[in-house]
Amino acid sequence: MSAAPGSARIRYVDVYPVRATAGGLEVLALRRGPDGRCPGSWEAVHGHLDDGEDPLAGARRELVEETGLTAERWYNLSRVESFFVPRLGEVVLVPAFAVFVSGEPRLSSEHDAGEWLSIAAARDRFSWPRTRRALADVETLLGAGDAGPLEDVLRLL
């Protein structure tokens, strides 16, 4: 079912896989492969929601599909980005999640490279402004390894 022209709805999710290291948090940056959209761009895990899928379920599915990583703790970044999709004639909303993970990524065919980077290095590498903005929230909210006094509100699983 399509939305009315000029409407806004949640269609996509962004997921920031993070791990704690002695030097601070690292985030997984993924490079889009040559055969899909935006070849060569660097981004976080990003994907569409299936019909009837809620955002957290979609985020969990996309993490596994794009990286194969094991989730340890999920957080709501309390951020929703938006952008206009001309072919749909609508503004889409993109909630952002962070997830502490273990293991090394097993990339899907959508990506041809992945690299663990410091927050600062990822900010320089990411192609989309919305992903660079969300990294500030990852650092501010989770830089200590958890959400501190906000843990009871931001931690999802």
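This report describes the overall fold of one protein chain and then the contacts of its aromatic rings. The structure is a predicted model.

**The chain as a whole**

The chain contains four helices and eight strands. Read from the N terminus, these elements follow the order β-β-β-β-β-α-β-β-β-α-α-α. The radius of gyration is 15 Å, close to the 15 Å that the globule rule gives for 157 residues, so the chain is as compact as a globular protein of that length. The C-alpha trace spans about 50 × 40 × 25 Å along its principal axes.

Of the 157 residues, 46% count as buried. The chain exposes about 7,800 Å², and carbon and sulfur atoms supply 53% of this area. Contacts can also be sorted by how far apart the partners are in sequence. Among contacts between residues at least 6 apart in sequence, 68% join residues at least 24 apart.

**Aromatic pairs**

A pair of aromatic rings is described by the distance of the centres and the angle of the planes. The structure holds three aromatic pairs. Two of them are listed here, including their geometry.

| Pair | Centre to centre | Angle between planes | Type |
|---|---|---|---|
| Tyr12 and Phe83 | 5.8 Å | 25 degrees | stacked |
| Tyr75 and Phe100 | 5.9 Å | 70 degrees | edge-to-face |

Why does the pair of Tyr12 and Phe83 count as stacked? The planes are 25 degrees apart, and planes under 30 degrees apart count as stacked. This pair links distant parts of the chain: Tyr12 belongs to strand S2 (residues 12-21) and Phe83 to strand S6 (residues 70-85), 71 residues apart. Tyr12 has a relative accessibility of 16%, so Tyr12 counts as buried, because the term covers residues under 20%. Phe83, with a relative accessible area of 28%, is partly exposed.

The planes of Tyr75 and Phe100 stand at 70 degrees, so this pair is edge-to-face. Tyr75 lies in strand S6 and Phe100 in strand S7 (residues 90-102), so the pair ties together parts that are 25 residues apart in sequence. Both Tyr75 and Phe100 are buried.

**Charges over rings**

Which residue lies over the face of Phe100? Arg73 does, at 4.0 Å from the ring centre. Phe100 therefore has two neighbours described here, Tyr75 as its edge-to-face partner and Arg73 over its face. Another arginine, Arg130, has its charged end over the ring of Trp128, 5.4 Å from the centre of that ring.

How values were computed: Residues are numbered from 1 along each chain as its sequence is written. This is a predicted model: local features need pLDDT of at least 70, side-chain atom pairs count only at pLDDT 80 or more; totals for chains, interfaces and linings use all residues. Side-chain values use heavy atoms; hydrogens and water are left out. Rings of Phe, Tyr and Trp (its six-membered ring) pair if their centres lie within 6.5 Å; planes under 30 degrees apart count as stacked, over 60 as edge-to-face and the rest as tilted. Helices (H or I, at least four residues) and strands (E, at least two) are DSSP runs, numbered from the N terminus. Buried means under 20% relative accessible area, exposed over 50%, partly exposed in between (1.4 Å probe, protein chains only). A charge sits over a ring if NZ of Lys or CZ of Arg is within 6 Å of the ring centre and within 35 degrees of the ring normal. The radius of gyration is taken over C-alpha atoms; the globule rule is 2.2 Å times the number of residues to the power 0.38. Contact means heavy atoms within 4.5 Å. Accessible areas come from the Shrake-Rupley method with a 1.4 Å probe; for residues, only the protein chains shown count as cover.
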